[in-house]
Amino acid sequence: MKTRTCLILAIALFCLAASLPRAKVAAQQPAASPSASMADLVLLNGRIWLGGDASTFAEAVAIWGSSVLRVGKTAEMKPLIGERTQVIDLGGRLAAPGFNDAHIHFLGGASGLNEVDLTGARTVAEMVERIAAYARKHPDKEWITGRGWEYTPFPGGLPTKVYLDAVIKDRPVFLRAYDGHSGWANSKALELAGIKRETRFDGYGEIVRNAAGEPTGALKEGAQGLVSRLIPQPTREQKLDALRQGMKMAAALGITSIQNASGSADELSLYEELFKRGELTLRVSVAFSVGARTTPQNINRFVELKNQFESNLQAATMLRASSVKFALDGVIESHTAAMIERYSDLPPEHGAPFGELAVPADIYRDLVVKLDKAGFQIYTHAIGDRAVREALNAYENARQINQRSNARHRIEHIETVSPEDIPRFAKLGVLASMEPIHADPGTAEVWSKAVGVARLKYAFAWSSLLRSGARLVYSSDWPAAISVDPIRGLHSAVNRRTIDGQPPRGWVSEQRISIGDALRAYTHAGAYSTFEEGIKGRIAQGMLADIVVFSQDLFKIDPLRIHETRVVLTVFDGKVVHRDMERF
Ligand SMILES: [Zn+2]
């Protein structure tokens, strides 16, 4: 009895807390009241997964304005269909809440859509062919830029200018690796940057040279800046165009909400402009980048923007700027992620066999306390188990000092985690924000060697985290990933196999999760992570009408065929923003 009272009290308190930000939102949402007799849009004869914590389905959904008016059986929608109602027969197809990509670098990714795309190129010849074709198609472009190359196709693991010079001599070329940590320049770009045999670079990074001391065209980390700073910056109009193109792509993939993980005031103003012009087809949350160099002035500016958007009722369901993001370490592949035990493939005499924190622990901890006190939700990029532990410690410390509840701080990526730390996520209410596509076994070989057999059990530990009661939130990390498509993410989450079915038993297969849990991590959990589970992430009366329809039933098909699924219809804010006419 006592437990029950506590439970009821807890639920009541939670509802009260959840209703506070919601009250503002409700003020300008068209109230989905029964008095609005006719629906604007009705989806009939489907298998509509309602999302949230339950696993229930309905046949039909009626939409009025931007909200869901009713959910139920097809027959129940008949009275809501008037002359002006758009009716779409789903023909038994599966529908679900729109995808929420909870960690993305949308402006960067969208800007790249107009550049050379080397994603997925398996041979150097294929890359060179794509680059040459792009150059032919864009004779007016002063610079040829792009990204997406992988290290493995090149002899020695790094590209050289020779391949580029063979096809483009007269214009500078600069192409970033898929992970953004290395760049590939041709001779013209090196010449413009003044990079010669005698050029020195003392920062974090390297001008790669051949045996004769000649720069090869490969540039690591900060050395990329020597070339990239010369590339003409896009104008504001070009950035807006890139975002428009990105939104179109997102709509075709069923993405209706995004959370930007490296935002700035400038980027936020672009989304604001699109919102004011009525062009936004995504709900956008922006996390401002912070680090050791963040000044009190910077923080004040972020607080100003946060307050400005929190009180902007018109934009309430569309734009948020209440988060900040730290990068606490690097990546496993280059041994820059901070580990508790040494890397398995580094000799003991190596200078940094454990990797290092990117921000000194004491500075990070102090900043977390300050930002938590200022009311921000904090994201921390932590890939090594040591960095994950530091982040949990810092959040715990801030909670003790500030006594703030429901802060919903997050840790990003969590590629490795000590089993002792797993239960701390649920205990501290810290969200596990992860990318299923990062665990694509096709890219896991170098990773596995560095982590070693003993730690492999907790590689991308989605299942362990979920079972411990942690909230698992999914995303793509595009463009620092091989695909932005949530379907590819779902495929990885459920199978831990490549789209070719490798390895046959799955990579660390005990960390697979069910399709329902994977969909939840891509919908409801994303809404929770922006404090918006009361208005989106589920299909229910009064919720925002963001809905996707699939070409096949993800719950019924062979899991190995998930990657073949296509989004055939996307409804955003009650309106159809994408329809695949060939398939549907
Ligand atoms: Zn990221």
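This report describes a helix, a zinc site and the internal cavities of a predicted model.

Helix α17 spans residues 486–495, and 10 of its 10 residues are buried. Among them are Pro486, Arg488, His491 and Asn495. The elements that cover these buried residues include the strands β8 (99–104), β15 (255–263), β21 (472–474) and β22 (547–550), together with the helices α16 (462–467) and α18 (515–521). At the N-terminal end of α17, Asp485 acts as a cap, with a side-chain oxygen 3.0 Å from the backbone nitrogen of Ile487. Beyond the helix comes Arg496, which has a positive phi near 50°.

The zinc ion has His103 (NE2), His105 (NE2) and Asp477 (OD) as its protein donors, lying 2.1 Å from the ion. Along the sequence, the spacing of these donor residues is H-x1-H-x371-D. Both His103 and His105 are buried.

A search of the whole structure finds three cavities of 30 Å³ or more. Two of them are set out below.

| Cavity | Volume | Lining by class |
|---|---|---|
| Largest | about 80 Å³ | three nonpolar, six polar, three charged residues |
| Second largest | about 50 Å³ | four nonpolar, six polar, four charged residues |

The lining of the largest cavity includes Pro97, Asn100, Thr256, Lys536, Arg538 and Asp546. The second largest cavity is lined by 14 residues, and those nearest its centre are Arg283, Val284, Ser285, Glu532 and Lys536. Strands β15, β16 (283–289) and β17 (319–327) each contribute at least two residues to the lining of the second largest cavity. Lys536 thus appears in the linings of both cavities.

How values were computed: Residues numbered from 1 in each chain as written. Predicted model: local features only at pLDDT ≥ 70, side-chain atom pairs only at ≥ 80, totals over all residues. Heavy atoms only, no water. Buried < 20%, exposed > 50% of the residue type's maximum accessible area, 1.4 Å probe, protein only. Helix = DSSP H or I, 4+ residues; strand = E, 2+ residues; numbered from the N terminus. Contact = heavy atoms within 4.5 Å. Polar contact = N/O pair within 3.5 Å; in protein donor to acceptor, adjacent residues only side chain to side chain. Donors = N, O, S within 2.8 Å, 3.2 Å for Na, K, Ca; no water. 1 Å grid on protein atoms, 1.4 Å probe; cavity = no way out; pocket = protein on both sides within 12 Å on 5 of 7 lines; lining within 4 Å. Points joined across faces, edges and corners; volume = space filled by probe spheres on them. Nonpolar A, V, L, I, M, F, W, Y, C, P; charged D, E, K, R; others polar.
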